[in-house]
Amino acid sequence: MISRRVCLAAVVALGLTACFGSGPEAAVQGFYGAVAEGNTDKAMGFLALESVSANEMVMVKGKIQMMVAAGKTQMDANGGFQGVKITNQQEQGENALRVQLEILFKNGKTDQDSMNLVKQKDGWKIKL
């Protein structure tokens, strides 16, 4: 018989894999989760910023801070963030996708969005 400790460890491991996976849906979910928290640095971790120079990064971070603040305000106005569901995805080459998604709010409302993703060495990232 499997012990409770082993079962609990397996559930936690599966949960962490789902939360921190590197697939397109995990990148989108992680990004919107960071926006819901108002965490600009965490949100930036889900963006494809490899080609941004150090000088440009200050400007980019400022714009992302404004975007995160506006997104958090919208989420808070709708009772909070519940999740994201990718409704359609189209390949845009070997390492690129265009996804259509639905943002789910805790008050039952939804919003539609679309974004481009690119696969980098450390997983899928949202392309600005």
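**Core, pocket and hairpin of a predicted model**

Author: The largest nonpolar core has 26 residues, and those with the most contacts inside it are Val28, Phe31, Tyr32, Val99, Leu101, Met115 and Leu117. Two or more residues of this core come from each of helix 2 (24–37), helix 3 (40–44), helix 4 (54–77), strand 1 (81–91), strand 2 (96–105), strand 3 and strand 4, and helix 2 gives the most, with six residues. This is a predicted model, in which local features need pLDDT of at least 70 and side-chain atom pairs count only at pLDDT 80 or more, while totals for chains, interfaces and linings use all residues. Residues are numbered from 1 along each chain as its sequence is written, and side-chain values use heavy atoms, with hydrogens and water left out.

Reader: What makes a set of residues a nonpolar core?

Author: The term is given to buried Ala, Val, Leu, Ile, Met, Phe, Trp, Tyr and Cys residues that are joined through side-chain atoms within 4.5 Å. Leu101, one of the residues with the most contacts inside the core, touches Val28, Tyr32, Val84, Lys85, Ile86, Thr87, Asp111, Gln112, Asp113 and Met115, leaving aside residues up to four places away in sequence, where a contact means heavy atoms within 4.5 Å.

Reader: Why is Gln120 called buried or exposed?

Author: Gln120, which lies in strand 3, has a relative accessible area of 16% and is therefore buried, since the class takes in values under 20%, with exposed over 50% and partly exposed in between (1.4 Å probe, protein chains only). Among residues more than four places away in sequence, Gln120 touches Ala48, Glu50 and Lys125. Over the protein as a whole, 31% of the 128 residues count as buried.

Reader: And what class does Asp113 fall into?

Author: Asp113, also in strand 3, has a relative accessible area of 29%, so Asp113 is partly exposed. Not counting residues up to four places away in sequence, Asp113 touches Tyr32, Val99, Gln100, Leu101 and Ile103; the C-alpha atoms of Asp113 and Gln100 are separated by 6.0 Å, although the two are 13 residues apart along the chain.

Reader: How do you know that strand 3 and strand 4 pair, and in which sense?

Author: Two strands pair if DSSP finds at least two bridges between them, and strand 3 (residues 110–120) and strand 4 are joined in the antiparallel sense over five bridges. Asn116 stands opposite Lys127 in strand 4, and the two strands form a hairpin with two residues between them. The strands themselves are DSSP runs (E, at least two residues), as are helices (H or I, at least four), numbered from the N terminus.

Reader: Why is strand 4 described as largely enclosed?

Author: Four of the five residues of strand 4 (residues 123–127) are buried, so this strand is largely enclosed by the rest of the structure.

Reader: What makes an open space a pocket?

Author: On a 1 Å grid over the protein atoms alone, a pocket is an open set of points where a 1.4 Å probe fits, with protein on both sides within 12 Å along at least five of seven lines, and lining residues have an atom within 4 Å of a point. About 230 Å³ of space lies in the largest pocket, and of its 16 lining residues the closest to its centre are Phe31, Tyr32, Val35, Met67 and Asp113. The largest share of the lining, four residues, comes from helix 4.

Note on methods:
Grid points are joined across faces, edges and corners, and a volume is the space filled by probe spheres set on the points.
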